[in-house]
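Please open the model in your viewer and keep the selection panel at hand. The stops below go from the interior outwards to domains, chains and single elements.

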Amino acid sequence: MTCHPERSEGPRATSAGGASPSARLSMTVLAALLVASSAFAQSTILNSTGRKGTFAIRNATIVPVTSAPIANGTIVFANGVITAVAANATVPADATVIDGTGLFVYPGMIDSGSNVGLVEVDSVAGTVDTSELGDFNPNSQAAVAINPHSELVPVTRVNGVTHLVATPEGGIISGQSALIQLAGWTPPEMVVKGPTAVHIRFPRLRSAPISDQPQDEEAEKELRKSYTRDVDKLRDILRDAQAYGKAAAARRASQSVERFDRDLILEALVPVVEGRVPVVMHANLARDIRAALAFADEFKLKVILSGAQDVGRLLDDVKRRGIPVILGPILSLPQREDDPYDLLFTNAKTLHDAGVPFAIQTSDAHNTRNLPYHAASCAAFGLPKDEALKAVTLYPARIWGVADRLGSLEVGKSASLILTDGDPLEIRTNVRQVFIGGEEIPMDSRHTLLYEKFRRRP
Amino acid sequence: MRKTLLALAFALPLFAQERVTLIRNATILTVTNGVIENGSVLIRGAKIAAVGRDVSAPANARVIDATGKFVMPGIIDTHSHAGVEGSVNEVSLPNTGMVRIQDALTNDDISAYRQLAGGTTAALILHGSANAIGGQSQIVKWKWGRPVSEWIVPDAPRTIKFALGENPKSANFRPPEGQQRQYPATRMGVEEVIRKSFTDARDYMAAWDEYEAKRKRNETAIPPRRDLLMETMADILRGKIDIHAHSYRSDEIVMLLNLADEMGFKVRELQHVLEGYKVAREIAKHGAGAGTFIDWWGYKAEAYDATPYNVALMLRNGVLTSVNSDSDELARHLNHDAAKAIKYGGVSEEDALRVCTINAAKQLRLDHRIGSIEAGKDADLVIWTGHPLSTYSRVETTFIEGEIYFDRQQDLARREANRKEKEERLKKEADDAAKTKKERKP
């Protein structure tokens, strides 16, 4: 187990067989020291170990999320899957046993919107793959552009964020997101589900910063014109996709239907207009949300609402349609200067009270690791703490359609879990060990390595 | 005797108006004198009058029961751009040290109120980083609702912003069409701009010295032409203006510190200083402070080696370190950043509280007034629902100089009235506009 060399109280491992864990511990400490003294052009952090051994964490407080916490519990996992979660689960003979006394086990956290993997350095264009040119890119796939060797991957996961929805940006139809795990040597090894959705930045009538002052009449006219044009274009392309879908089905059914050239853009939209792939509508202001939802009704789209700063004004509209909402970034500013200062902190409670399903996103990359603190800020303003935890575990798993594998600690689910010394939504809590799909994740990152290097400066 | 009476007569009304407030039953994080459980803070007028377990309320005192709550000093942000009208960058020259933030301050930036709601009470408002020497900064308190003249901390030192690295060499933005790129374009050029500015200032000072000497000898003397930029540079050399220098890479940090030693000036605080941990020893030796983001990184090339362990490493090397925001958003939860100093590198709880309070006050040379809860200091205080280093805590009430500038219950109570007022005003505006239109028709 890789362990912070300075921390004396790392998880204490004992073995019920196999290699001596203390030997493993010291070997990895040695490895960390060697790594720390090497050059830093490229980090030498493992993407994943590739080993999905049998592990048992004992004497820990286990927080399955779907059921009550288990004090002094045991969780067992093998071949990447949880095999037992209980107060007295049997530990297999070949298991590597981790003593979790005083520690906690939670499911890995899931960020419902992030750019990790798509960007390395924001101001260096060559390293940024978030936004394609043009307005309509439903065929752009985040899944093919994820850099598994990005320094952001280890930085993010060592704080307990194990999965995220890598989301394309820009234009009107930005592209297809993918739910990825933060371990793997190639993009396909990282993709858990792709595409998760097609993302639409619904045209906005006003450009930021918004103001309630009446605008210059001419400018307003222009704005309305371009808004209408954009919505019309969006409508046209979705209608084309409907027609394309019908034509393709007809051609499949009968060779007598004339062959036609493939169109990758429309092809990407067919599952959307057929309601098989959800659309994430990014909209914040009440007017934009209303327009986006009305538009979605017109095409009977399966919608997930994202951003949604004004969602509190449209609870009935959202509830009636049974639409889940991705809130966030929570740690960001309300758009109007006279919005309540706590608007973004209280939206989660508002949705919870109304019974609307929700999850939380950071819309960040370098600090996607702060996902738990976005959730905690909702709890500081009235959302029950266990709901805040669900908003970054179980709820995103449900919304993104992976709750059979992720989001809670249950037998049969993926062993994507974190061992912590406290509540992961508290900044002061340390994540001691991360497992993704049963693999023991090295707890190093660019940041720990730089720390190790420079605290040893002679 | 008559004089004394007169003085009393003037003093009495003031004294009578002086409000007395007692916050009691709170956990008091004094920052400089440990934690007081079940403690009280007595505020008299603008100042803290007493702190401790056994402080009782005078008969006329407003009493705030803070059972289960925490009181800490107002958070101090040494890097803000809030409250500045228009652009924060006077980009026209490599050195615009003559311009002043003070001349562009407004009191209607909602950011001030939002920061109060996050427990931030004071800030250093700086120019941007478009030029090597950007202009004179201003230390303020966020006295929302008061005139800007009252925001300015009267005895605050004069300050100036320097900038090193990518921004002053215009690496991250292009000049407007038709304009040439402005010098400097390299870190070499940034050093040269600063070196030349101080060289010119020495000549300027010498010219004035010569003139004064001649005058003293009653010789005919023509005064040198007054130059506002050179006056500024000279005042830096005289130690009358503190330098807060935007910096990222360790090489440019060392450059500035060496140049400072050579030219005879001091760097009060390195701002951002994301690679400070690489040269923490050199920073400590110069005596410069460091105000940094705890975990921002990777947004540009010079931020790629940033690590959240920076604060811990600098503190360990004896650097006076604070966390600051450079952001209207982050300025609302600098308590999070303080907590991260514990997470990343194991800083003590006491030090974590210091990095957002007293250390910042020291960097601003205002620690005699703000940054801790001590009798005699300004009553800039924040009542939190829980420990401010917990992500679940929230600000209830924020005081500046004994006055409440944010109170959550008041904020909640006012919302409906504010909404109605806005609705009415917008309606009136629309009606008026319609009326004017109608009247204009022939």
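A nonpolar core is a set of buried Ala, Val, Leu, Ile, Met, Phe, Trp, Tyr and Cys residues joined through C-beta atoms within 7 Å. The model on display is a predicted one, and its largest nonpolar core has 240 residues.

**The core.** Select A:V105, A:V325, A:A375, B:V71 and B:A341, which are the residues with the most contacts inside this core. Then colour helix α9 of chain A, residues 371-380, which gives the most to the core, with seven residues. Which residues does A:V325 touch, if those up to four places away in sequence are not counted? Displaying its surroundings should bring up A:L305, A:A308, A:V311 and A:V318, together with A:L351, A:V356 and A:F358.

**Between the chains.** Next, select the contact between the two chains, which takes 31 residues from chain A and 38 residues from chain B. On the side of chain A that touches chain B, α9 and α12 (446-454) each supply at least two residues, and the largest share, five residues, comes from α9(A). Colouring this side of chain A by class gives 16 nonpolar, seven polar and eight charged residues.

**The domains of chain A.** Now split chain A according to its domain assignment, with 1-108 and 407-458 making up domain 1 and 110-406 making up domain 2. Across the boundary, 30 residues of domain 1 of chain A are in contact with 33 residues of domain 2 of chain A. On the domain 1 side of that boundary, at least two residues each are supplied by β15 (417-420), β16 (431-436), β17 (439-441) and α12 of chain A, and β16(A) gives the most, with three residues. By class, this side of domain 1 of chain A has twelve nonpolar, 13 polar and five charged residues.

**The domains of chain B.** Turn to chain B, where domain 1 covers 18-74 and 372-407 and domain 2 covers 75-370. The centres of these two domains of chain B, taken over C-alpha atoms, are separated by 30 Å, and 19 residues of domain 1 are in contact with 26 residues of domain 2. For the domain 1 side in chain B, select β5 (70-73), β15 (395-400) and β16 (403-407), the elements that give two or more residues to it; the largest share, three residues, comes from β15(B). The residues on this side of domain 1 of chain B divide into eleven nonpolar, five polar and three charged.

**A hairpin in chain B.** Select strands β2 (35-44) and β3 (47-52) of chain B, which pair in the antiparallel sense over five bridges. B:V41 has B:V51 in β3(B) as its bridge partner, and in the two residues between the strands of this hairpin, B:G45 takes a positive phi near 65°.

**Helix α4 of chain B.** Finish with residues 187-216 of chain B, a helix of 30 residues that reaches 44 Å from its first C-alpha to its last, close to the 44 Å expected at 1.5 Å a residue. Which residues of α4(B) are buried? They are B:V190, B:V193, B:I194, B:S197, B:F198, B:A201 and B:Y204. An α-helix has 3.6 residues a turn, so residues three or four places apart point the same way. To see what the buried residues of α4(B) pack against, show β8 (133-141), β9 (158-163), α5 (228-237) and α6 (250-263) of chain B. The last selection is B:N218, which follows α4(B) and has a positive phi, near 60°.

Key. Residues are numbered from 1 along each chain as its sequence is written. Chains are lettered from A and ligands numbered from 1 in the order in which they are written. This is a predicted model: local features need pLDDT of at least 70, side-chain atom pairs count only at pLDDT 80 or more; totals for chains, interfaces and linings use all residues. Helices (H or I, at least four residues) and strands (E, at least two) are DSSP runs, numbered from the N terminus. The expected span of a helix is 1.5 Å times one less than its number of residues. A residue is buried if 20 or more other C-beta atoms lie within 10 Å of its own, exposed if 12 or fewer, and partly exposed in between; C-beta atoms are placed from the backbone. Two residues are in contact if their C-beta atoms, placed from the backbone, lie within 7 Å. Domain bounds come from an automatic or database domain assignment. Ala, Val, Leu, Ile, Met, Phe, Trp, Tyr, Cys and Pro count as nonpolar, Asp, Glu, Lys and Arg as charged, and the others, Gly among them, as polar. Two strands pair if DSSP finds at least two bridges between them.
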